[in-house]
Amino acid sequence: MPSVGAGVREIRIKVGLQFRVIYIARLSDGIHVLHAFQKKTQKTAKRDIDLAKKRLQRLARG
């Protein structure tokens, strides 16, 4: 998901309802889940993208 940051990926899960997991994988220290949520519309809400961005920035700071 380049809209969140470089190297950020998304897993889409559809089991009746639709869910998304936004994560970043770093080989040196593992996989970090930035945000997981249920999708209710086609477009990912800005608040979900902004929250993932904020968490990525916090992770980058250490």
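These legends describe several close-up views of one predicted model.

**View 1. The whole chain combines one helix with three strands.**
The model is predicted. Read along the sequence, the pattern is β-β-β-α. Strand E1 covers residues 8-15 and strand E2 covers residues 17-26. Strand E3 spans 30-39, and helix H1 spans 46-61. Along the principal axes, the C-alpha atoms fill a box of roughly 35 × 20 × 15 Å. The protein chain has 62 residues, and 29% of them count as buried. Consider the contacts between residues at least 6 apart in sequence: 21% of these join residues at least 24 apart.

**View 2. Three strands form an open sheet in the order E1-E2-E3.**
The pairing is antiparallel. E1 and E3 are the edge strands, and each pairs on one side only. From one strand to the next, the twist averages 20°. Strands of a sheet pair through backbone hydrogen bonds, either parallel or antiparallel.

**View 3. E1 and E2 meet in a hairpin.**
Eight bridges join the two strands, E1 and E2. Two facing pairs help to locate the register. Ile11 stands opposite Val21 in E2. Glu10 stands opposite Ile22 in E2. One residue lies between the strands of this hairpin. Gly16 takes a positive phi there, near 80°.

**View 4. E2 also pairs with E3.**
Nine bridges join E2 to E3. These two strands run antiparallel. Ile24 stands opposite His32 in E3.

**View 5. Helix H1 packs on the sheet.**
H1 touches E1, E2 and E3. The direction of H1 makes about 165° with that of E3. The helix has 16 residues. From its first C-alpha to its last, H1 reaches 23 Å, close to the 22 Å expected at 1.5 Å a residue. After H1 comes Gly62, whose phi is positive, near 100°.

**View 6. H1 has buried residues on one side and exposed residues on the other.**
The buried residues of H1 are Asp48, Ile49, Ala52 and Leu56. They cover an arc of only 95° around the axis, so they lie on the same side of H1. An α-helix has 3.6 residues a turn, so residues three or four places apart point the same way. What covers the buried residues of H1 includes E1, E2 and E3. On the other side of H1, Lys46, Arg47, Lys54 and Arg61 are exposed.

**View 7. The largest nonpolar core has 10 residues.**
Its members are Met1, Val4, Val8, Ile22, Ile24, Leu34, Phe37, Ile49, Ala52 and Leu56. E2, E3 and H1 each supply at least two residues of this core. The largest share, three residues, comes from H1. Ile49, Ala52 and Leu56 of the core are also among the buried residues of H1. Ile24, another core member, is the residue that stands opposite His32 in E3. In soluble globular proteins, nonpolar side chains tend to be buried together.

**View 8. Met1 belongs to the core and contacts Val8 and Ile22.**
Neighbours within four places in sequence are left aside here. Met1 is then in contact with Val8, Arg9, Glu10 and Ile22. Val8 and Ile22 are members of the core as well. Glu10 and Ile22 also stand opposite each other, with Ile22 in E2.

**View 9. Ser3 is found in the segment before E1.**
Is Ser3 buried, exposed or partly exposed? Its relative accessibility is 39%, so Ser3 counts as partly exposed: the range for that class lies between 20% and 50%. Leaving aside neighbours within four places in sequence, Ser3 is in contact with Ile49 and Lys53. Ile49 is one of the buried residues of H1. Ser3 and Thr41 are 38 residues apart along the chain. Their C-alpha atoms are separated by 18 Å.

How values were computed: Residues are numbered from 1 along each chain as its sequence is written. This is a predicted model: local features need pLDDT of at least 70, side-chain atom pairs count only at pLDDT 80 or more; totals for chains, interfaces and linings use all residues. Side-chain values use heavy atoms; hydrogens and water are left out. Two strands pair if DSSP finds at least two bridges between them. Helices (H or I, at least four residues) and strands (E, at least two) are DSSP runs, numbered from the N terminus. A nonpolar core is a set of buried Ala, Val, Leu, Ile, Met, Phe, Trp, Tyr and Cys residues joined through side-chain atoms within 4.5 Å. Buried means under 20% relative accessible area, exposed over 50%, partly exposed in between (1.4 Å probe, protein chains only). Contact means heavy atoms within 4.5 Å. Axes are lines fitted to C-alpha atoms, for helices over the stretch in contact, and angles run from 0 to 180 degrees between N-to-C directions. The expected span of a helix is 1.5 Å times one less than its number of residues. The arc is that of the directions from the helix axis to the C-beta atoms.
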